[in-house]
Amino acid sequence: MEYLHTMVRVADLDESLAFYRDALGLEEVRWMENEKGRFTLVFLAAPGDKDRAERDKSPMVELTYNWDPEEYSGGRNFGHLAYRVDDLYALCEKLQAAGVTINRPPRDGHMAFVRSPDGISVELLQKGDALPPQEPWASMPNEGTW
């Protein structure tokens, strides 16, 4: 058995790509449109996993956009996606500059949580040892749920 991908339904594909691809930094591996089924699938991978994702078709996140409007709720019920990152503080700064709320700031230099436009919780974990605590993160309170 091997992990392939996690599918997340999204309400606005452009808004979701701005989050997952442009702000979070995932890279597009495959894009598929199905006119008969009236949906678009976009497969994304972390930069460090892109070669493996292209070769093995894993590990990836599959964004599913249904062309006919649907209302999605309960993103928190899903749990979360988790990514190991090279520089947690730099990524949180990039996300914040892109307008993303840091729900659980990286006070410990090890872990942070943000949410996608559809309410999916995304955990960010520092690669290797935790970074030394630093401001503004060390004293930043949680915001919302994560």
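This briefing walks through the strands, the main pocket and a few residues worth finding in the structure above. The model is a predicted one, so keep that in mind as you click around. Two pieces of sheet come up: a hairpin made by S2 and S3, and an open sheet of four strands. The largest pocket has a volume of about 650 Å³, and S5 gives the largest share of its lining.

**The S2–S3 hairpin**

- Strand S2 covers residues 27–34 and strand S3 covers residues 39–45; the two run antiparallel and are joined by seven bridges.
- To get your bearings on the pairing, pick Glu28 and look across to S3, where its bridge partner is Leu44.
- Four residues sit between the two strands of the hairpin, and Arg38 is in that turn.
- Arg38 is not a glycine, yet its phi is positive, near 60°.
- Most residues other than glycine have a negative phi.
- As for its surroundings, Arg38 has a relative accessible area of 37%, which makes it partly exposed.

**Ala45, in strand S3**

- Ala45 belongs to strand S3.
- Is Ala45 buried or exposed? Its relative accessible area is 2%, so it counts as buried, the cut-off being under 20%.
- Leaving out residues up to four places away in sequence, Ala45 touches Leu26, Glu27 and Val29, and also Lys50, Ala53, Pro59 and Met60.
- For a sense of distance, the C-alpha atoms of Ala45 and Asp87 are 18 Å apart, with their positions 42 residues apart along the chain.

**The open sheet**

- Four strands make up this sheet, in the order S5-S8-S7-S6, and their pairing is mixed.
- S5 and strand S6 (102–104) are at the edges; each has a single partner strand, so one side of each has no neighbour in the sheet.
- From one strand to the next, the twist averages 35°.
- Strands of a sheet pair through backbone hydrogen bonds, either parallel or antiparallel.
- Strand S7 (residues 111–115) and S8 take the antiparallel option, over five bridges.
- One spot to check there is Arg115, which stands opposite Ser121 in S8.
- Helix H4 lies across S5, S6, S7 and S8, and runs at about 145° to S8.

**The largest pocket**

- Rolling a probe the size of a water molecule over the atoms shows where empty space is left.
- The largest pocket comes out at a volume of about 650 Å³.
- It is lined by 27 residues, and the closest to its centre are Ala46, Pro47, Tyr83, Arg84 and Val85.
- Which elements supply at least two residues each of the lining? They are S3, strand S4 (60–66), strand S5 (80–85), helix H4 (88–97) and strand S8 (121–126).
- S5 puts in six residues, the largest share of the lining.
- Sorted by class, the lining has 17 nonpolar residues, six charged and four polar.

**From helix H2 into the loop before S4**

- Arg52 sits in helix H2, which spans residues 50–56.
- With a relative accessible area of 39%, Arg52 is partly exposed.
- Setting aside neighbours within four places in sequence, Arg52 is in contact with Lys57, Ser58 and Pro59.
- The C-alpha atoms of Arg52 and Met140 are separated by 36 Å, and the two residues are 88 apart along the chain.
- Lys57 is in the loop between H2 and S4, and has a positive phi near 60° despite not being a glycine.
- Lys57 is partly exposed too, at 47% relative accessibility.
- Pro59 is found in the loop between H2 and S4.

**Cis peptide bonds to look at**

- Most peptide bonds are trans.
- The bond from Ser58 to Pro59, though, is cis, with omega near -10°.
- Pro59 has already come up as a contact of Arg52, and it is touched by Ala45.
- The bond from Glu135 to Pro136 is cis as well, with omega near 10°.
- You'll find Pro136 in the segment after S8.

How values were computed. Residues numbered from 1 in each chain as written. Predicted model: local features only at pLDDT ≥ 70, side-chain atom pairs only at ≥ 80, totals over all residues. Heavy atoms only, no water. Pairing = 2+ DSSP bridges. 1 Å grid on protein atoms, 1.4 Å probe; cavity = no way out; pocket = protein on both sides within 12 Å on 5 of 7 lines; lining within 4 Å. Points joined across faces, edges and corners; volume = space filled by probe spheres on them. Nonpolar A, V, L, I, M, F, W, Y, C, P; charged D, E, K, R; others polar. Axes fitted to C-alpha atoms, helices over the stretch in contact; angles between N-to-C directions. Contact = heavy atoms within 4.5 Å. Buried < 20%, exposed > 50% of the residue type's maximum accessible area, 1.4 Å probe, protein only.
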